[in-house]
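Reader: I would like a close look at a single part of this chain, namely one strand and the sheet around it, and then at how the rest is packed. Please give the cut-offs as you go.

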Amino acid sequence: MNSGTLGLATCGQIAVDQNSMIVDADSQTLEWLNCDRDEVVGRPLGAVLTLRMPFSGSGGQRPTDATLHGVSGVVRPVVVGSLGRSVSGVERIAVYDVSTRSAFNLGFRGAEAKTERGRHRLQILLNAAVGFGNVRSELDAAELLVDVAQRAFAASAVSVHISGPDGVFQAAGTNPLAAHWPEGLRPTGTITMLGGEVLIVRSPDEAESYANGMSEVFRAGGVHAAIASPMHSHGDAVGSMVCFFDHPREFDEEAVPLADALSNQAAQAIARIRLEDTLRRAAMHDEVTGLPNRRLIEEDVVRTLFHAESALTVIFIDLDGFKPVNDLLGHAAGDALLRETGQRLRDVMRQSDVVGRFGGDEFIAVAAVESAGDAVALAERIRAAIAEPYDELPPELTITASIGVVTVGNDGAAVMDQLIRAADHAMYEAKMAGGDRVAVAQTDLTSVPAGSALPAGSVLPV
């Protein structure tokens with residue numbers, strides 16, 4: 001029986017025995033339940049139908065509101081009523097579809113749920129804004145984005161990728177695809193970062209459209225769906241965020257704006273941190289030579305120490321003959337000489353080494369070396385480079401360097417101030433010996449590795 005064509009509620013029927021076990025169901029009911037007859041027959045009525053009140057009461061039989069539960073999880077509002085029981089004990093129940101009647105209630109509940117989700121997401125954004133305003137490093141910003149995104153999307157895993165001098169790298173989180181990533185393919189998140197748009201992948205098969213073989217990567221990593229958002233600040237690509245899901249996942253209309261907002265907050269924080277770092281480092285460079293000043297040297301030495309394989313050397317350099325240049329040619333000529341000296345030091349040292357102006361006509365070089373002998377050889381190259389003629393100076397004004405060297409084993413024990421004082425003292429010894437030479441510091445700070453070419457305290461004449 002189906003009255004839908006008459007503008008009445010659509011009707012189906014279910015038959016149950018005396019124990020309320022389903023013995024039959026018509027095609028309309030099976031369509032609503034989205035299943036076959038043999039999946040329903042033999043099940044208790046309560047498994048597919050929830051009554052708001054019993055069929056019968058003190059007033060006899062009566063219809064009642066109920067909900068029909070399909071195997072797909074869809075709940076359909078219905079009204080049910082008994083059509084009576086046969087001699088054999090089978091009771092037939094009429095089921096009327098009243099989903100149109102309940103549309104308003106369902107819509108209202110849906111709007112309430114949407115409002116609650118919106119309120120929850122707004123709170124996440126507000127809390128994240130406060131957090132990103134307080135982070136002081138790029139890695140802290142990446143870690144915070146992982147935490148916030150994981151809670152906002154209930155993601156199985158989140159990875160954040162940042163663009164650095166050497167390319168895109170994973171800064172925080174977990175990337176379940178990493179172990180299965182094809183060799184030669186650009187790092188995870190690169191396509192999203194460069195594309196500038198939030199990407200949604202609803203299935204492994206859909207991932208194939210972004211790169212050949214990506215569907216297999218998703219399956220190998222146990223990823224069913226993902227949402228990836230670029231991190232941009234003022235048009236500059238900063239990185240990307242990827243949320244992974246180990247189960248099928250649908251994304252509502254707020255998913256893209258939310259991912260975009262969180263990524264932008266993180267990008268703004270990273271941009272701020274980078275700007276602050278640039279300004280801070282600019283303030284710690286010598287105005288004349290552009291080299292790091294003493295304060296920045298000490299910061300960069302920490303980085304150099306971490307990269308040192310065997311030993312660390314500090315080389316203290318003092319120019320011989322600088323004062324006559326200032327006295328005879330003026331401070332402009334003196335500044336030009338300092339700039340040229342700084343450039344010659346840069347040319348001798350590696351990019352990973354530290355070169356700075358200590359003050360006046362004094363410079364410092366810090367480098368990772370294999371042995372004390374290598375440190376002395378490096379100091380000799382510096383001495384020879386500075387002793388080369390300067391085109392801007394008259395022949396009678398010659399510039400050389402007195403150089404002090406201290407080398408320590410890479411055990412992290414030595415304090416930078418102590419190393420500088422030791423190298424400075426050795427430089428003074430070289431100066432007293434006539435200048436244009438290298439002296440090796442004699443200090444108990446020195447842990448000279450095997451291969452040292454000279455005994456401690458030696459002064460090398462030219």
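Author: Strand β1, residues 11-16, is joined to β2 by 3 bridges, and the two run antiparallel; strands here are DSSP runs (E, at least two residues; helices are H or I, at least four), numbered from the N terminus, and two strands count as paired if DSSP finds at least two bridges between them. This is a predicted model, in which local features need pLDDT of at least 70 and side-chain atom pairs count only at pLDDT 80 or more, while totals for chains, interfaces and linings use all residues. Residues are numbered from 1 along each chain as its sequence is written, and side-chain values use heavy atoms, with hydrogens and water left out.

Within this pairing, valine 16 stands opposite isoleucine 22 in β2. Cysteine 11 is buried, with a relative accessible area of 0%, where buried means under 20% relative accessible area with a 1.4 Å probe, counting protein chains only. The wider setting is an open sheet of 6 strands in the order β2-β1-β8-β7-β6-β3, with antiparallel pairing. Because β2 (22-25) and β3 (49-51) stand at the edges with a single partner strand each, one side of each is left without a neighbour in the sheet. From one strand to the next, the twist averages 35°, taken between axes fitted to C-alpha atoms, with angles from 0 to 180 degrees between N-to-C directions.

Turning to the packing, the largest nonpolar core holds 37 residues, of which Phe153, Ile227, Cys243 and Leu262 touch the most other members; such a core is a set of buried Ala, Val, Leu, Ile, Met, Phe, Trp, Tyr and Cys residues joined through side-chain atoms within 4.5 Å. Among the elements that each supply at least two of its residues are α2 (103-134), α3 (138-153) and β13 (236-245), while α7 gives the largest share, 9 residues. Leaving aside neighbours within four places in sequence, leucine 262 is in contact (heavy atoms within 4.5 Å) with residues including Ile124, Phe132, Leu145 and Phe153. Apart from this core lies another, of 29 residues, among them Phe363, Ala375, Tyr390 and Val405.

Cysteine 243, too, is buried, its relative accessible area being 0%. The count of disulfides comes to 0, a disulfide being a pair of cysteine sulfur atoms within 2.5 Å. Over the whole chain, which has 12 helices and 19 strands, buried residues make up 43% of the 462 residues.

Definitions and conventions:
Buried means under 20% relative accessible area, exposed over 50%, partly exposed in between (1.4 Å probe, protein chains only).
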